[in-house]
Structures are given as structure tokens and as C-alpha cells.
Amino acid sequence: RQEAAEYYRDHRVPQRMEEALNALFPLRPADLYGELANYFSKFSKAPVICKLVGRKVIDGVGQPTLEVEIYCTVKNYEKRICSAVMSFHSQIPENALPETNEADEKERNDSVNTAVEWVSDSLNTMLRDLKPTDQCKVDEMLGEYFTKQAEFKKEIEKQEEAAAEVTLALTSCTPSATALPGGKKAAKPGRKVSAAERMIPPAEPVESVLCGSLAIGATSLAIAKAGATISRIPLYLHIALLKHGQVLPKEMTLPLPMVTLLNCEKIPPAKLKLMKEVMLIPPVQFSLKQGIERVLDIQKEMTRLLESPGKVQSSPQLADSKKGKAHNTGKKAPPRALKRISHLGCLITGCDNLEQPLLLMQTACNNLGLELGTDMYLAINCAAHELMDYVKGKYEILTGMFKSPDEMVDMYVELINKFPFIIALIDPLRKEDRQQWNNICCALGSKCYLIAEDAATCISKLKSDQKINIPTCSGVVLKYINQTKVSDLIELTGLVDGQRHITILGSPDGESSDDSLVDLAVGLGARFIKLGGLSRGERVTKYNRLLAIEEELAKNRTLR
């Protein structure tokens, strides 16, 4: 008994019991023990990470990706705090060959399996007993772990190369390995190097992605979500506090959504190849809710317009010919256009020329009494890097129609002059065409935003170079992928803001239903957010989160 009394006195239990009873008696709470639990909880130890679990899950396009669960020791008990699903970003273009896609799928599976192993084994041990609120320390450790893994991979590759050279040297000495008479070094099939190709800057090598790197980004994001949950604040506020040195912003701004309405397909009979996405941007004078409602109205009208040309009219002959089929089902067939929804969550249509989708959009708005350039604006994702024909050294903007990089600049100037309601062009050129980026920025920089997405320098290079203008642009689309950490995004958005560029947070092609990207965009103060269209659950859930944050900020009177 004496030991027990000393133990409790050392921890000031009697004193705090007396304080609690004195404080609660005047209040006479309905749930006395609940209030006592709340009172004593502030004296408990801060939760610490006790377990990380990696899991292979399926994303919005049916491909494998990574989920990370965070468990913490809370008041002596293990408790699941949250999970984060990392969206997998593929660098393979839409028009890739089947064998390329197969190789990409294998690489994706290997990467996810390795990431699951990293999370459940190495990272689980490494981060144990750390506070989930200590984002900087966690991200620093994750960065060091990634660096070690990257160096380990390089060492293995060097050993494999050395072994291959030895094997080649041995086989070249044997008679059987002698080249056939007249034999030439085989060229890559379908690949010819012409004078035109040598005139354009060659394509820069694709940034190599370390197998398993998903684990770094997913764990960093999951830790940030856990920190917000433990602190009992929304994730966007937790991110804002991290960015501003734990100083609470007095007001917060919502990013303007770039809502994808049309995806122009690139397969015959469609001829237009240039416009990957045609997006709507609501004007700033409207609330987000009003803007989304307006976009939905335009989407419905666009669906009606796309149905009209091929709509089959009901007739007695048609009804007679389909007796026992559609006539007896009692169900109305769904609109044809609605069956064609892109993985980006938007309508798919084929176009024959550059102006057709823009005139279609204009018609839809006019039918609703809306004026483009006042009531709504357009942005175009050109995805020019997918259009380059390296044999001709030109971009194929329409089937059989090619333009040089300089001609592309002239074409965009003419397009913006004719359709001034286009306020943003994303990836109008390859990143290698830097002189043309300079030219287009000089010509159009005062009329519209010129944004680099795939043309942007990779995040790791942006961090090391501390320069956004490679190529020259108005801003960049940042994507939370692979080994990107929350601290990296905080650092980069600060860099972008400091160089008077705009930040757009964009979702990868393979999306999941995790809506953390929206909180990241709000907390980081991004100017725009690019989430895809207003269809498909993994896309819509993010728009719903954005609407919920707007409502919450308006209620708290902190919405700028």
C-alpha cells in the first residue's frame, strides 16, 4: 500500500483527482465518467506509431496500387488511425504498343509488391515509436531510406553490366558467334533517323522510377493523415500548419477546379489528335458549389448535343422489328454518349478539326444562356509529347497533318486570338522544345496560362535545381506520385510561390477513392486543382471533398 501511495503521489494523481472533481462538480455533466476521461486524457502520453501495414489494392482503372495503414499506441492500446492509398502514375502514353503496355503492367505489379514488402518490413521497424505529428523527421528518414535503396539498385546494375561484358567478351572469342557475311547492326524496328529528326532536340530520357518507390509517398501521406487525426484537425489545416511553421492562417483560399468535360479520342475515324482534355474553369466570383452546378449543366447539354446526330428516332417500323426485345423490356435505353466515359471521368468524343470541340462547347454554353469568357472559361490539355513524329521531326495534330515546333507556336497564337476564352494551355509543346516555349510565353503569356505537366521537370530535379522555368512557363502541375513526400510538396509550392508561378495539383491517370489530394491542394494554397471529370466515383469523391471544405471554411468564416 505504501508503494502504491508513493507511485500515485509521484505522478500527482491525488492532486489531479481533486482538481478534476472540483472542476466538474459545478458543471454536473450528464456523462460524468466521460467528462472525467476527457479531463485526464490531456495528461496521457502522446500517441506513437506502433505498426505500419502495406496492402495491395485496386485503383479506379482496375490496376494494382498500394495502401498504407497506420497503427498507433493510444493510451496503452494499439489503435488503427487511418490509411492512405497511393495513386499509381504510368508514364506510358495512350497510343502505346500492346507489348509496351504489357511490360508496364508487369513493372507496376513488381513495384506494388516491392512497396508492400518495404512498408510491412523495413519502414514498419524504422518508424516505430515515432510521433505521427513529426512529419519532418519521418520524411527525412523516408528520404534516407529511399536514397539507400536507389544506391543499392545502382550497385546491382553495375555488377550485372560487368558480368554481361565478361560474357560478351567470352562469346565473341568463339567461332559460333562470328557475324554472318554482310550482316549489319540491327536497327530498332520502325525507327528511322532522318535529317528532320536531327534538327529537333532529341527526347530526354524518361525519369527512372525505382521499383517500390510508391512506399515512400504512400507512407508520408499516411503519416500526415495520422498526424491530423491525432491533432483532431482536418488534413488541409494540418498541411497549412506544416507549410507556415505551425502558424494558423487567418484565411484560406480554395483552388479553382479544372473540370475535364471532353476527352478527344485519337483512333479512327476521329482525326483530331491535339486535344487530350478540354476543361472548364468556373469564374472566381462564384462559389465552388455554384461553379460545379454550372459545369454539370453544361455536361448535360453537351451529352444531349453529342447524342443528337446519331439518335435513332422511334418509329412503328422500328418498334415492330424489335418486338420481344427492347419493346418488351419496359426500360429506356441509356443515352449513347453516357456509355462512353473516359477513365478521366469525362465524355469521349472524336473530332475532325481543331475548332470542332471548341465550337461544340460554345454551342452548349449558348444553349444555356452562358457566355464563354464571362460565365465560364476553358483550358486545354494538349499533351503535345504524345504527338511528336520523330521521323518527320514534327507534331501530328490531325491525321496526316504535321507541324514543326515553330508552326505549333503560330497555331496556338491564332487559336487564342480566335477563342480568347481559353485561359490555359497545358503541355502545348514537348519540354525539349525550350526555344519554342520561350516564344509562346512571349506571344501568349499575357493572354493565358502556359502550364507544364508532363513537360515539367521531375520533382526531384526541381528540388535540386531550385528552378521552375525549365522550360519557360507560367506554372507547373505537381503530382503526388512515387517517392514524393509531403515535405517535398511543401518545399516546392514555396519555391513556386517565391518565383511568382502558379501551382496546380493534378491527379494521376490511375486514380483511387482517397481524397487526400484535395486537402493537400487547399493546405498548400494551390491556385488550381486538376481532378478529371464529374463522373466515376474516384473522381467525384474528390469534388465532394472540395465542396465539404468550402462549406466548413465558410462556416468558420476563414474562406477568402
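This is a short talk on the overall make-up of one chain and two patches on its surface.

The model is a predicted one. I start with the chain as a whole. The chain has 560 residues, and 45% of them are buried. In secondary structure terms, the chain holds 18 helices and 15 strands. On contacts: taking those with a separation of 6 or more, 72% are between residues 24 or more positions apart. The area that the chain exposes comes to about 29700 Å², with carbon and sulfur atoms supplying 53% of that area.

Now to the surface, starting at the nonpolar patch. Five names to find on the screen: Tyr7, Tyr8, Val13, Met17 and Leu21. Together they have about 470 Å² of accessible area. Which helices supply at least two residues each to this patch? They are helix H1, residues 2-10, and helix H2, residues 13-24. H2 gives the largest share, three residues. Within the patch, take tyrosine 7, which sits in helix H1. Its relative accessible area is 49%, and partly exposed ends at 50%, so tyrosine 7 is classed as partly exposed.

The second patch carries negative charge. Asp406, Glu407, Asp410 and Glu414 gather there on the surface. One of these, glutamate 407, belongs to helix H13, which covers residues 405-418. Is glutamate 407 buried, partly exposed or exposed? Glutamate 407 counts as partly exposed, because its relative accessibility is 36%, and that class runs between 20% and 50%.

To recap, the two patches are a nonpolar one, with residues from H1 and H2, and a negative one that includes Glu407.

Note on methods. Residues numbered from 1 in each chain as written. Predicted model: local features only at pLDDT ≥ 70, side-chain atom pairs only at ≥ 80, totals over all residues. Heavy atoms only, no water. Patch = residues over 30% accessible without salt bridge, like charges linked within 9 Å, V, L, I, M, F, W, Y side chains within 5 Å. Areas by Shrake-Rupley, 256 points an atom, 1.4 Å probe, with all protein chains shown as cover. Salt bridge = Lys/Arg side-chain N within 4 Å of Asp/Glu carboxyl O. Lys, Arg positive; Asp, Glu negative; His and termini not counted. Charge placed at Lys NZ, Arg CZ, Asp CG, Glu CD. Helix = DSSP H or I, 4+ residues; strand = E, 2+ residues; numbered from the N terminus. Buried < 20%, exposed > 50% of the residue type's maximum accessible area, 1.4 Å probe, protein only. Contact = heavy atoms within 4.5 Å.
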